[in-house]
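Welcome to a short tour of a protein model. Take a moment to turn the structure around on your screen before reading on.

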Amino acid sequence: MPVVSTTCKREPGGAKPARWVPEKRSRWLVRKARLARRAMQGKVPERFRRALELNAALADALAQTGLRHLAARVEVCHTRFRACRCENGHVWARPLRVCHVRVCVFEARERSARAAKSWGPVLAGLDRPKHLVLAMPNSPMGRLADGIRRLWGAFGRLRRMPVWKLVRGALVSLEVTFNEHARTWHPHLHAILDAPYLPWEELMAAWKQASGAQPGESRTCWIGAADSRAIRELVKYATKMASLVRHPDALEEFLRATKRMRMLRAYGSLYGLKRAVEETGVRCPDCGAPAVESEERVRVLWLDQVLWDTKGVWRPQKPP
Ligand SMILES: [Zn+2]
Ligand SMILES: [Zn+2]
């Protein structure tokens with residue numbers, strides 16, 4: 001597959017164009033990763049094949065951008081694991097060399113599973129929680145970072161307005177969708193609110209004011225009951241990956257605009273919920289104890305030697 005930089009299409013004033021540098025090293029890494037993947041083909045269980053394919057497509061798209069150094073990392077992410085054991089005899093598997101790329105399919109799945117497990121009971125205990133969606137006008141290509149900054153800024157102003165006094169706590173996540181045909185970005189916020197009552201008209205008026213809407217200009221402000229679907233909305237992929245894989249220039253802009261950004265923020269009574277999703281898995285998923293050093297040589301497991309259990313925890317597959 002030819003490596004073509006699509007960044008030249010970017011409008012002036014947009015994100016920094018990719019440097020065209022000799023790519024010997026990154027190409028070598030990508031090739032090496034492909035070898036690893038091929039070696040596994042035919043052995044990978046059906047349940048992981050889709051995720052591997054999506055990550056491979058993501059790696060191919062990344063290889064065409066200024067972020068090509070991430071391609072190999074994404075491609076091999078979650079293909080090798082280390083078996084871990086705690087002092088209470090629980091056994092789990094920890095992925096080696098996690099890529100930490102925002103749109104990695106495996107990491108998105110893990111986040112969702114962790115959130116559903118730890119937030120479900122907390123949210124079930126809230127008095128009529130709400131699901132709120134807030135948006136501002138779409139941003140053109142090249143202006144996503146600015147659009148996101150203005151969105152969080154407007155949300156910060158909303159939180160200081162009188163209507164927000166009714167909100168005891170909030171868990172807020174940023175989601176970005178890309179419109180392939182219009183080539184525009186639609187950054188928006190999903191929030192779960194610990195608030196039994198919120199007058200929509202007042203909230204809408206406050207959001208228009210906070211986001212600087214001109215008279216007659218519309219804004220998105222949707223509110224409904226928070227159920228398990230709302231939790232999934234909050235932690236699913238930060239973006240719909242399929243359209244970005246087809247548009248590497250957009251993928252690059254998304255990753256640069258959200259680099260090191262906290263996509264999930266928590267406030268007030270829900271503040272403590274954020275950590276549950278961000279934890280990394282070096283502690284026992286069953287009892288929280290740290291992994292104990294094994295005396296024997298620590299085993300490295302391949303993807304076909306692990307399972308993803310019903311709680312969303314990686315486990316070494318038992319020998320038959
Ligand atoms: Zn990853
Ligand atoms: Zn344990």
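Let us begin with a term for two helices that cross: a crossing is left-handed if the near helix is turned anticlockwise from the far one by less than a right angle, and right-handed if clockwise. Keep that in mind for later. Please also remember that this is a predicted model.

## The whole chain

The protein chain contains 10 helices and 11 strands. It has 320 residues, of which 35% count as buried. What share of the contacts between residues at least 6 apart in sequence joins residues at least 24 apart? In this protein chain, the share is 75%.

## Two helices that cross

Now find helix α5 (residues 144-159) and helix α6 (residues 200-210), whose axes come within 8 Å and cross at roughly 130°. An angle over 145 degrees would count as roughly antiparallel, and 65 to 115 as roughly perpendicular. The two helices, α5 and α6, are therefore oblique to each other. Is their crossing left-handed or right-handed? For α5 and α6, the crossing is right-handed.

You can also look at the residues where these helices meet. From α5 come A154, R157 and L158, and from α6 come A206, W207 and A210. Sorted by character, the residues of this contact are 5 nonpolar, no polar and 1 charged.

## Strands side by side

Next, look for the strands. An open sheet of 3 strands follows the order β2-β1-β9, and its pairing is antiparallel. Which strands form its edges? They are β2 (91-95) and β9 (300-302), each of which pairs on one side only. On average, neighbouring strands of this sheet are turned by 40° against each other, direction ignored.

Elsewhere in the model, follow strand β3 (residues 130-135). This strand is joined to β6 (residues 184-194), and β3 is also joined to β7 (residues 220-225). The table gathers three strand pairs, each with a residue pair to look for.

| Strand pair | Direction | Bridges | Residues opposite each other |
|---|---|---|---|
| β1 and β2 | antiparallel | 5 bridges | C84 and W92 |
| β3 and β6 | antiparallel | 6 bridges | L134 and L189 |
| β3 and β7 | antiparallel | 6 bridges | H131 and G224 |

To try this yourself, start at L134 and look across to L189 in β6. Then go to H131, and find G224 standing opposite in β7. Finally, return to the open sheet, where C84 faces W92 of β2.

Conventions
Residues are numbered from 1 along each chain as its sequence is written. Chains are lettered from A and ligands numbered from 1 in the order in which they are written. This is a predicted model: local features need pLDDT of at least 70, side-chain atom pairs count only at pLDDT 80 or more; totals for chains, interfaces and linings use all residues. Two strands pair if DSSP finds at least two bridges between them. Helices (H or I, at least four residues) and strands (E, at least two) are DSSP runs, numbered from the N terminus. A residue is buried if 20 or more other C-beta atoms lie within 10 Å of its own, exposed if 12 or fewer, and partly exposed in between; C-beta atoms are placed from the backbone. Two residues are in contact if their C-beta atoms, placed from the backbone, lie within 7 Å. Axes are lines fitted to C-alpha atoms, for helices over the stretch in contact, and angles run from 0 to 180 degrees between N-to-C directions. Angles under 35 degrees count as roughly parallel, over 145 as roughly antiparallel, 65 to 115 as roughly perpendicular and the rest as oblique. Ala, Val, Leu, Ile, Met, Phe, Trp, Tyr, Cys and Pro count as nonpolar, Asp, Glu, Lys and Arg as charged, and the others, Gly among them, as polar.
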